[in-house]
Amino acid sequence: MFYGRSICRSIGRSTSGLSSCVSVSRKARLPCVAGRWSYARGGQIAQICRSYGTTTIHAGELSFGQPLHETHPHLLQPGELTPGITAQEYYDRRTRLAGKLPKGAVAVVAAAELVQRTGSCFHEFHQDPDFLYLTGFNEPEALAVIGKSQDAHGHFFHLYVREKDRKAEIWEGSRSGTQAAVDVFNADETGDISSIKTILPRVLSDATQVFTDITQPDQGVSGLWRFLYGTPRRKTDFSELIDSRKIKQLRHIINELRAYKSPAEIELMHRVGRMSGKAHTDAMRQSFTGERDLDAYLRYKFITNGCDQIAYEPVVAGGKNGLGIHYVRNDDVLHDDEMVLIDAAGKKGGYISDITRTWPVKGKFSAAQRDLYSAVLIAQKSLVSMCRADADVSLDKLHSITENLLTDNLKQIGFDMSGKAVETLFPHHISHYIGMDVHDTAGYSRKAIVREGHCITIEPGIYVPDEDRWPKHFRNMAIRIEDSVAVGEEKPLVLTSEAVKDIKEIEALRD
């Protein structure tokens, strides 16, 4: 028996004039991989449908490996591939990448793998940020090849993915498959990732250079792991496909693209910042007796406020536990005469927020807590005000200014700041880049002058050890105040202002 099938994606205004409804066929319920919904630049998705004979099936009735507007209109707007980011923006990112490649060169980027927790249990999937940034595709076991095209489109895009598999999807959930790689994610060419060993040599054979960061095995294992299991291979099957003289690092090119956020990215990060900040403020209103209870409350509020998940493992550190910068055990008792330091935020559509707040467990600051908190807050507000292009500062310059401000502020409340005291009390950097990663664009220089579109944190902190050198009434106190900030031309945009930080505002929450 023969079933006719049409695939139709019609999109508002198209600068290229492309709009199509392509008919393909299938026999005995085995679909052909053919046809595509036309890619429209500058438009909106208006309709996706598939017709089987006289019956029309809307895309909302089909299954994919991630939410789409047609299946999850409560999560995505028309035209978006991921929350807040349109298919047009993903296309433009690939075009910009291709524009930075030499003639005849290609970029190869791989998806992340699903990480097993134990046995048949696995961790929540986290897509490789570079891969997600360029494709919008949020499944494991996929590979993208991007290069300059000879036509007006600006680039070609190959996306190799897992094929639809009815038996596997019973256990693992839906896959998008190769048809969707073309129809939904706008690949020019696709194929089953299980055949990549035979596909890739053909694709890469004519490339003059191959820009990638995946030719070396992961060396990030502990000394114990190397002792027990040996050193990873120096080369992979993938790297052996390519003349080593052709291989170039992609990292610095991707960093230059990702470091400057688009208006859509900043708006999405602002949304996540508001959702996360509101959770912090709501937590300050409550009374908690244990770190674990406060941890659970924050996770719950991030999700109910609209985030997809937590951005990173939260720090919920009561009293002296806050002296551990990345304390995440979160299993101690909270005492009324101490403060609690919270470093926690949510994530949505692949973009994170980063917030730290410190407040008194009982809701009111003691005199000593107030003095130390004020010393940090004054510095933090001053540094936030400098997050603008016309200030002509780098992250390293901001750090140097922070050390000077904290030194002066702490002297005024009785600290001996001689020698390297500030490095002991403030042992981490003032800032890092944020975006799709908490520490975004790894390797992007802290010496770069911050410009409009950069998104960074400002997070001064003071951690007072229990040592005779320091004033007794401040010992074992830990205070960090952190906001996510979008750098503007003349003024910053604080993305996390929903989390209150002024002493009067914090204390008023319990009145």
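Two helices count as roughly antiparallel when the angle between their directions is over 145 degrees. Keep that cut-off in mind as we walk through this model, which is a predicted one.

Let's start with the pair of helices where the cut-off is needed. Helix H11 covers residues 367-385, and helix H12 covers residues 395-411. Their axes lie 9 Å apart, and the two helices pack at an angle of about 150°. H11 and H12 are therefore roughly antiparallel to each other. The crossing in which H11 passes H12 is right-handed.

Which residues meet where H11 and H12 touch? From H11 come Leu-372, Ala-375, Val-376, Ile-378, Ala-379, Ser-382 and Leu-383. Across from them, H12 offers Leu-398, Ile-401, Thr-402, Leu-405, Leu-406, Asn-409 and Leu-410. Sorted by character, the residues of this contact are eleven nonpolar, three polar and no charged.

H11 has another partner as well, so to meet it we turn to a sheet. This sheet is open and has three strands in the order E22-E25-E26, with antiparallel pairing. At its edges are strand E22 (455-458) and strand E26 (493-494), each of which pairs on one side only. Four bridges link E22 with strand E25 (residues 483-486) in the antiparallel sense. You can pick out one of the pairs yourself: Cys-455 has Ala-486 in E25 as its bridge partner. H11 packs on this sheet and touches E22, E25 and E26, and the direction of H11 makes about 160° with that of E22.

Just past E26, look for Asp-502. Where does Asp-502 sit? The residue is found in the loop between E26 and helix H14 (503-508). With a relative accessible area of 25%, Asp-502 is partly exposed. Leaving aside residues up to four places away in sequence, Asp-502 touches Leu-377 and Lys-381. Asp-502 also shows how folding can bring distant parts of a chain together: Asp-502 and Ser-374 are 128 residues apart in sequence, but 8.8 Å apart in space, C-alpha to C-alpha.

E22 appears again when we look at helix H8, residues 251-259. In this helix, Ile-253, Ile-254, Asn-255, Leu-257, Arg-258 and Ala-259 are buried. What covers these buried residues of H8? The cover includes helix H1 (87-99), helix H2 (129-135), strand E14 (210-211) and E22.

Now for a second pair of helices. Helix H9 spans residues 263-284 and helix H10 spans residues 291-304; their axes come within 9 Å and cross at roughly 140°. That angle makes H9 oblique to H10. The crossing is right-handed. On the H9 side, the contact is made by Ser-276, Ala-279, His-280, Asp-282 and Ala-283, while H10 contributes Leu-294, Tyr-297, Leu-298, Lys-301 and Phe-302. Here the residues divide into six nonpolar, two polar and two charged.

H9 also leads us to another sheet, since H9 lies across E19 and E20 and runs at about 145° to E19. The sheet is open, with three strands in the order E16-E19-E20 and antiparallel pairing. Strand E16 (309-310) and strand E20 (351-352) are the edge strands, each pairing on one side only. Strand E19 (residues 346-348) pairs with E20 in the antiparallel sense over two bridges, and Lys-347 stands opposite Ile-352 in E20.

One more strand deserves a visit. In strand E17 (residues 315-318), Val-315 and Ala-317 point one way, Val-316 and Gly-318 point the other way, and all are buried. E17 runs antiparallel to strand E18 (residues 339-343), and four bridges join the two. Within that pairing, Val-316 stands opposite Ile-342 in E18.

Finally, let's step back to the whole protein. How many helices and strands are there? The protein has 14 helices and 26 strands. Of its 511 residues, 52% count as buried. Among contacts with a separation of 6 or more, 68% come from residues 24 or more positions apart.

How values were computed: Residues are numbered from 1 along each chain as its sequence is written. This is a predicted model: local features need pLDDT of at least 70, side-chain atom pairs count only at pLDDT 80 or more; totals for chains, interfaces and linings use all residues. Side-chain values use heavy atoms; hydrogens and water are left out. Axes are lines fitted to C-alpha atoms, for helices over the stretch in contact, and angles run from 0 to 180 degrees between N-to-C directions. Angles under 35 degrees count as roughly parallel, over 145 as roughly antiparallel, 65 to 115 as roughly perpendicular and the rest as oblique. A crossing is left-handed if the near helix is turned anticlockwise from the far one by less than a right angle, and right-handed if clockwise. Contact means heavy atoms within 4.5 Å. Ala, Val, Leu, Ile, Met, Phe, Trp, Tyr, Cys and Pro count as nonpolar, Asp, Glu, Lys and Arg as charged, and the others, Gly among them, as polar. Two strands pair if DSSP finds at least two bridges between them. Buried means under 20% relative accessible area, exposed over 50%, partly exposed in between (1.4 Å probe, protein chains only).
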